[in-house]
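Here's a quick tour of one fold, working from a helix contact out to the sheet and back to a single residue. Have the viewer open as you read.

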Amino acid sequence: MLPDPSLDAPQRQALAAMADWLETALVPHRAWRRRPPAGIYLWGGVGRGKSLLMDALFAVAPVSSKRRVHFHGFLQELQQRSLAYSGQPEPLALVARDIAGQAKLLCFDEFHVHDIGDAILLGRLIGYLLEAGVLLVLTSNYAPPALCPNPLHHSRFEPFIRLIEQRLKIIELDSPTDYRTVAPRDWGLYCWSDSAQTHPLIEAQFADGLPGIVQLDRFCLSAQRQREQGAWFRFSELFERPTSTRDYLELCSRFADLAVSGIPALSGLSLDVQQRFLNFVDIAYDAGVRLSLGSEVSLGALCQGAVQQDFSRTCSRLAQLRQVGPRFQPTPG
């Protein structure tokens, strides 16, 4: 793999280490040779290029069966696959067997665990996949010891942390720059005004839409306006109800454009509501949805005081939206 001059020095160093690992890992093992690590765990701050490096490795890996997955979608897939083996002993082992039969190399972006149920599920799956000989590449904002940080549950996840540290090559990407702030991705708008009235840009985007009901698998959601490829919801409708990542994945697969208005400062909201909003932004970002957000507060005020541990990643992604303030004046039609 030739060095990319657009990468900074820490990125080039990390990518070279990843390429060296892959080359060694694909050589048939012989008894006299030391077994290489079974995968890569690449971690570092938000916007440092972890996904970029993983994608570069994935693109050139000379493996016919390989997959790249994202946290939320893959977790839903695991739960769906497990239902097919309900009632059988060790259904997760059977799921891992199926995944191993489909992918020799599995690249898992944005690995993080806070919910203890998800943590145990993913930890056990990693063990089964390693036993099956699957090569793993994980990216994360967390060093392995910092995974599952809740002190009430951390000790239960420690065996899986040890497994990651013992079986995977740990690489820290310590690039000093959050590249999302200097190389913005145009994926939508963040519109804010100093009144409760919906920003005129969101109104204009859905001028051809009508109020309606969006029927999901688990919920009926009331849309402010809906058109063929887009839907606009109030914040309270999406996040102050017990919606889940499953619902957000369904929305992002159905609509190319999504808008959310009435977003308050997050500091005064419950942790559950904050987490739903974070999950939604992450899923929309990864799905390539065109997102428009409307709030009564600036982006800085929105993020200030939010206590969810993954919010630095979400703020980095929100900062890539084009920000339009209250002085915006729509062009007369």
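Which residues in H3 meet which residues in H5? On the H3 side they are Phe71, Phe74, Leu75, Leu78 and Gln79, and on the H5 side Asp118, Leu121, Leu122 and Leu125. Sorted by type, the residues of this contact come out as 7 nonpolar, 1 polar and 1 charged. Bear in mind that this is a predicted model.

As for the geometry, H3 covers residues 71-84 and H5 covers residues 116-131; the two pack at an angle of about 80°, and their axes are 12 Å apart. An angle from 65 to 115 degrees counts as roughly perpendicular, so H3 is roughly perpendicular to H5.

**The sheet**

Now for the strands. There are 5 of them in an open sheet, ordered E2-E3-E4-E1-E5, and the pairing is parallel. Why is one side of E2 and of E5 left without a neighbour in the sheet? Both stand at the edges and have a single partner strand each, so one side of each stays unpaired. Going from one strand to the next, the twist averages 15°. Helix H1 (residues 9-25) packs on this sheet and touches E1, E3, E4 and E5, with its direction at about 165° to that of E5.

Here are three of the strand pairings, each with a bridge count:

| Strand pair | Residues given | Bridges |
|---|---|---|
| E2 and E3 | E2: 66-70 | 5 bridges, parallel |
| E3 and E4 | E3: 105-109 | 4 bridges, parallel |
| E1 and E4 | E1: 39-44 | 5 bridges, parallel |

Some individual partners help to set the register. Phe108 is a handy one to click on: Val69 has Phe108 as its bridge partner in E3, and Phe108 in turn has Leu138 as its bridge partner in E4. Cys107 is paired with Val137 in E4, while Gly39 stands opposite Leu136 of E4.

**Two covered strands**

How many residues of E4 are buried? The strand runs over residues 135-140, and 6 of its 6 residues are buried. Leu135, Val137 and Thr139 point one way, whereas Leu136, Leu138 and Ser140 point the other way. E3 is mostly covered too, with 5 of its 5 residues buried. There, Leu105, Cys107 and Asp109 point one way and Leu106 and Phe108 the other. In general, side chains in a regular strand alternate between the two faces of the sheet.

**Back to H5**

The chain leaves E3, passes through H5 and arrives at E4, making a right-handed β-α-β crossover. Along the way H5 lies across E3, E4 and E5, running at about 150° to E4. So H5 has contacts on both counts: with H3 through residues including Leu121 and Leu125, and with these strands.

One residue of H5 deserves a closer look, namely Ala119. Is Ala119 buried or exposed? With a relative accessible area of 0%, against a buried cut-off of under 20%, Ala119 is buried. What does Ala119 touch, leaving aside residues up to four places away in sequence? The partners are Val113, Cys148 and Phe157. Cys148 is 29 residues from Ala119 along the chain, and their C-alpha atoms are separated by 7.0 Å.

Terms used:
Residues numbered from 1 in each chain as written. Predicted model: local features only at pLDDT ≥ 70, side-chain atom pairs only at ≥ 80, totals over all residues. Heavy atoms only, no water. Axes fitted to C-alpha atoms, helices over the stretch in contact; angles between N-to-C directions. Parallel < 35°, antiparallel > 145°, perpendicular 65-115°, else oblique. Contact = heavy atoms within 4.5 Å. Nonpolar A, V, L, I, M, F, W, Y, C, P; charged D, E, K, R; others polar. Buried < 20%, exposed > 50% of the residue type's maximum accessible area, 1.4 Å probe, protein only. Pairing = 2+ DSSP bridges. Right-handed = clockwise from strand over helix to strand, strands pointing away.
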